[in-house]
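Visitor: I would like a close look at a single part of this model, the parallel strands and what packs around them. Please take it slowly and stay with the details.

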Amino acid sequence: SPSNSRLTTVYDTWMGPSRYSGFPYYGGNYLGSNANYYIRVDVGKRKFLVLGLEFIPRDAALTWAQGVLDANTDREAIIVTHGLITQWGEKAQDTSIATGGYGLTGNNGTELWNNLIRKNKQIIMTINGHYVGCCGGSAVVNNNNLGPFMEQRFTQTGDNGNIIHML
């Protein structure tokens, strides 16, 4: 239905596969769109996989992402997406709030955590886009000491004992 369509035409015009396909770090995409893509980057002796996932990722996109992770088990993985955690560092649960009225169906932050992130030991970090309802300064601690706050709220342990930093 039009209310559940994922229009990526403009995004892919400027940031699509044709822009990156000639670069050695570009790994590929899902269904010909960079709404879901991955790159491989080596930094010194460390090997990274950066996996970008669409806003409120569909089950099929998570199945694709799991295949990419399975094919790159020698790399530490970083997941980049929107709507994973709230401004308070909690996993997003209400897709009606997280989608801002876009009418998309897919995995909210809690489902994304349970269905993909927590199960994969090579995931070391997630990078979250903005979350609807978050305004500047809403997560400021009075004494400006964000170290313990960030450690408590934005670090989780995966099923394999791996530490995952959620930013």
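Guide: V50 has its bridge partner in β4, and that partner is I78. The model is a predicted one. The strand β3, residues 46–52, and the strand β4 run parallel and are joined by 5 bridges. Between them the chain passes through α3, and this β-α-β crossover from β3 to β4 is right-handed. I78 also has a partner in β5, namely M125. β4 and β5 are again parallel, with 5 bridges joining them. β4 thus pairs with β3 and with β5.

Two loops on this route deserve a look. I56 sits in the loop between β3 and α3. The phi of I56 is positive, near 50°, in a residue other than glycine. Is I56 buried or exposed? I56 counts as buried because its relative accessibility is 1%, and the cut-off for buried is under 20%.

The loop between α3 and β4 holds R75. R75 is an arginine that counts as buried, at 10% relative accessibility. What does the side chain of R75 reach? The side chain reaches the backbone oxygen of F48, at 3.1 Å. Leaving aside residues up to four places away in sequence, R75 touches R40, V41, D42, K47, F48, L49 and Q122.

Next comes helix α5, residues 109–117, where the buried residues are G109, L112, W113, L116 and I117. Seen down the axis of α5, these buried residues fall within an arc of 110°, so they line one face of the helix. The elements that cover them include the strands β4 (76–81) and β5 (123–128) described above, together with α3 (59–70), β6 (155–157) and β7 (163–166). At the start of α5, a side-chain oxygen of N108 comes to within 3.0 Å of the backbone nitrogen of T110.

The helix α3 also takes part in aromatic pairing. A pair of aromatic rings is described by the distance of the centres and the angle of the planes. The model has 4 aromatic pairs by this rule. In the pair of Y20 and Y26, the ring centres are 6.2 Å apart and the planes stand at 25°, so the pair is stacked. Both partners are buried: Y20 has a relative accessibility of 18%, and Y26 has a relative accessible area of 13%. The rings of Y30 and W64 have centres 5.9 Å apart and planes at 40°, so this pair is tilted. The pair of Y30 and W64 links distant parts of the chain, since Y30 belongs to strand β1 (residues 26–30) and W64 to helix α3, 34 residues apart. Y30 is buried, with a relative accessible area of 17%, and W64 counts as buried at 16% relative accessibility. Y30 and W64 form one aromatic cluster with Y38.

From Y26 the path leads on to N34, which is in strand β2, residues 33–43. The side chains of N34 and Y26 are joined by a polar contact of 2.5 Å. N34 is buried, with a relative accessible area of 2%. Apart from residues up to four places away in sequence, N34 touches Y11, D12, M15, G16, P17, Y20, Y26 and N29. Both members of the stacked pair, Y20 and Y26, are among these contacts of N34.

The loop between β1 and β2 contains L31. L31 is not a glycine, yet its phi is positive, about 60°. L31 counts as exposed, at 65% relative accessibility, whereas I56, with its own positive phi, counts as buried.

These parts can now be placed in the whole chain. The protein chain has 6 helices and 7 strands. Along the sequence they follow the pattern α-α-β-β-β-α-β-α-α-β-α-β-β. Of the 167 residues in the protein chain, 41% are buried. Among contacts between residues at least 6 apart in sequence, 65% join residues at least 24 apart. The ring pair of Y30 and W64 is one case of a link between distant parts of the chain.

Terms used. Residues numbered from 1 in each chain as written. Predicted model: local features only at pLDDT ≥ 70, side-chain atom pairs only at ≥ 80, totals over all residues. Heavy atoms only, no water. Buried < 20%, exposed > 50% of the residue type's maximum accessible area, 1.4 Å probe, protein only. Helix = DSSP H or I, 4+ residues; strand = E, 2+ residues; numbered from the N terminus. Arc of directions from axis to C-beta. Contact = heavy atoms within 4.5 Å. Polar contact = N/O pair within 3.5 Å; in protein donor to acceptor, adjacent residues only side chain to side chain. Phe/Tyr/Trp six-rings, centres within 6.5 Å; stacked < 30°, edge-to-face > 60°. Pairing = 2+ DSSP bridges. Right-handed = clockwise from strand over helix to strand, strands pointing away.
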